[in-house]
Amino acid sequence: MSTLIVLGTQWGDEGKGKVVHYLSKQADYIVRYQGGNNAGHTLIFEDKPFVLHLIPSGILFPEKYCLITNGVVVDLKSLKREVDVLAKKKIVIKNRFFISEQAHIILPYHKIIDGILEDRNIKIGTTRKGIGPAYADKVKRIGIRTVDYLERDVFEDLLEKNLIEKVAVLKDKVDITDLKKKILEDYNELSEFVRPFIANTSFMIERAISDNKRILFESAQGTLLDLDFGTYPFVTSSNPIAGGVCSGAGVGPTRINNVLGVMKAYTTRVGEGPFTTELFDEVGDYLRERGGEYGATTGRPRRCGWFDSVIIRHSVRVNDIKHLILTKLDCMEDLDKIKICVAYKYKNKIYKEFPASRTIQKYAKPVYEEMPGFNGKVKGVINFESLPTNAQRYIKRLEELIGASIDLVSVGRKREEIIEVNKDINWL
Ligand code: GDP
Ligand code: IMO
Ligand code: MG
């Protein structure tokens, strides 16, 4: 049995797509277990950036199985667009791409409600893809699963009830009769499209594990966006943390062998919410431009800041991370000075562990340690010893502060631009 979870340790966009693409060669199955098309995972394919939102980042390898499991919320229209793009690139997914029959679907009214809530309530800065409202329906036990969608009478009945329940929220924004008509007009095309992909993915995973196949679980978002362990309420509505694999894919905890945390060499965040090390100066602008820090899903500029070891210690603990990949180190190579946040300070008290209080999260100031810049090239380097001495020191210091080992370092966008610091690890 060989299973590995690859997950984000910050606020998403750590480079999970690239890392999963890198490791997929060693995997037989690549599994998305939570989130939806709020994710944007970038891979470099035929020398060009290629963004996947729902389909696992292993799909570009022709022989791999790719699964979307029950913990994911699926927007069928958006999925169809993604499948069409793959087809244009001659990537065949038939008989190797499957979606759980228990995955809930996102319908057009979820997106409308997402927008209404954003404009009315506490602004989260969501992707407006309907993610939160679709998960809310699941929790309220009125959601519609793919298996329900395939039975037209069941679907129509649920749709009717859902629309009645939502009249009060929707009535000022849309004509509900029109909305229902449009959803039903799409039905034939979308149900025919999705039917061949629907399967019992939990069963498929269990069978694959029994057959000694290698399985890679790919998170969307990151630990600080986790519904339970993130910066609530500025979070997404699912559980990207390692524990999310068990409920999100239907896999028992003793089936998980290893967890690899993906961690950017600095910090970014898209959307609202606390961000203690955020920079509003030219260094923040430099990181944004050098790192191409613009949302892969919404195009929004990402907020940028120094590395925050407080949030990473939190991630290391809640996910039981022993191994990390440090990404985008090359994007820091021209900085004169580098800061690392070692703790937070609020009302003269020092916090080394991530505080749950929204007041402290919002107003705490970072306690920094300063280091000289790398003074040398990082991009193109192929082994740890060839990195500038100061870059090596930076990595070692991060390891000390976070209590887990950095076994891989990513120094460019391309799949192969990865330094294997520890060559002895068999990831899968
Ligand atoms: P994800 O959501 O975690 O998959 O990350 P995104 O794809 O949203 O954002 C990461 C961005 O950084 C993408 O544009 C990647 O191509 C890029 N990237 C990933 N790793 C590296 C790296 O080591 N160096 C550089 N320069 N870019 C990287
Ligand atoms: P990947 O997988 C970065 C953020 C949104 C918003 C909050 C809630 O590419 O790392 P939602 O639409 O999920 O209800 O929005 O979460 N967010 C992400 N930020 N990367 C992502 O995915 C994100 N998915 C959601 O910006 O702040
Ligand atoms: Mg992303």
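**Contacts between domains 1 and 2, and the ligand surroundings**

In this predicted model, eight residue pairs are in polar contact between domain 1 and domain 2, with both residues of each pair at pLDDT 80 or more. The elements that give two or more residues to the side of domain 1 touching domain 2 are strand 6 (73–74), helix 2 (76–88) and strand 7 (97–100). Helix 2 supplies the largest share of that side, five residues. Sorted by class, the side of domain 1 that touches domain 2 consists of 11 nonpolar, 11 polar and three charged residues.

Three salt bridges are found across the interface of domain 1 and domain 2. A salt bridge also joins the side chains of Lys 111 and Asp 75, with a distance of 3.1 Å from N to O.

The domain assignment places residues 2–100 and 198–255 in domain 1, residues 104–194 in domain 2, and residues 263–420 in domain 3. Domain 1 is thus written as two segments of the chain. In the contact between domain 1 and domain 2, 25 residues come from domain 1 and 22 residues from domain 2. The C-alpha centres of these two domains are 23 Å apart.

Between them, domain 1 and domain 2 bury about 2,000 Å², and 67% of this area is on carbon and sulfur atoms. On the side of domain 1, the residues that lose the most area to domain 2 are Val 73, Leu 76 and Ile 198, which together account for 31% of what that side buries. Val 73 falls in strand 6 and Leu 76 in helix 2, whereas Ile 198 belongs to the segment 198–255 of domain 1.

The surroundings of two ligands were also examined. Around ligand 1 there are 18 residues, of which Lys 16, Thr 42, Lys 328, Asp 330 and Ser 410 come nearest. Backbone atoms take part in several polar contacts with this ligand. A backbone N or O atom of Gly 17 is 2.8 Å from an oxygen atom of ligand 1. A polar backbone atom of Gly 40 lies 2.9 Å from an oxygen atom of ligand 1, and for a polar backbone atom of Gly 412 the distance is 3.2 Å.

Ligand 2 has 20 residues around it, and Lys 16, His 41, Thr 127, Gln 221 and Thr 236 come nearest. Lys 16 is therefore listed among the nearest residues of both ligands. A polar side-chain atom of Lys 16 is 2.7 Å from an oxygen atom of ligand 2. For Arg 300, a polar side-chain atom lies 2.9 Å from an oxygen atom of ligand 2. Gly 125 approaches through the backbone, with an N or O atom 3.3 Å from an oxygen atom of ligand 2.

Key:
Residues numbered from 1 in each chain as written. Chains lettered and ligands numbered in written order. Predicted model: local features only at pLDDT ≥ 70, side-chain atom pairs only at ≥ 80, totals over all residues. Heavy atoms only, no water. Domains from an automatic or database assignment. Contact = heavy atoms within 4.5 Å. Buried area = accessible area lost by both parts, 1.4 Å probe. Salt bridge = Lys/Arg side-chain N within 4 Å of Asp/Glu carboxyl O. Polar contact = N/O pair within 3.5 Å; in protein donor to acceptor, adjacent residues only side chain to side chain. Helix = DSSP H or I, 4+ residues; strand = E, 2+ residues; numbered from the N terminus. Nonpolar A, V, L, I, M, F, W, Y, C, P; charged D, E, K, R; others polar. Near = heavy atom within 4 Å.
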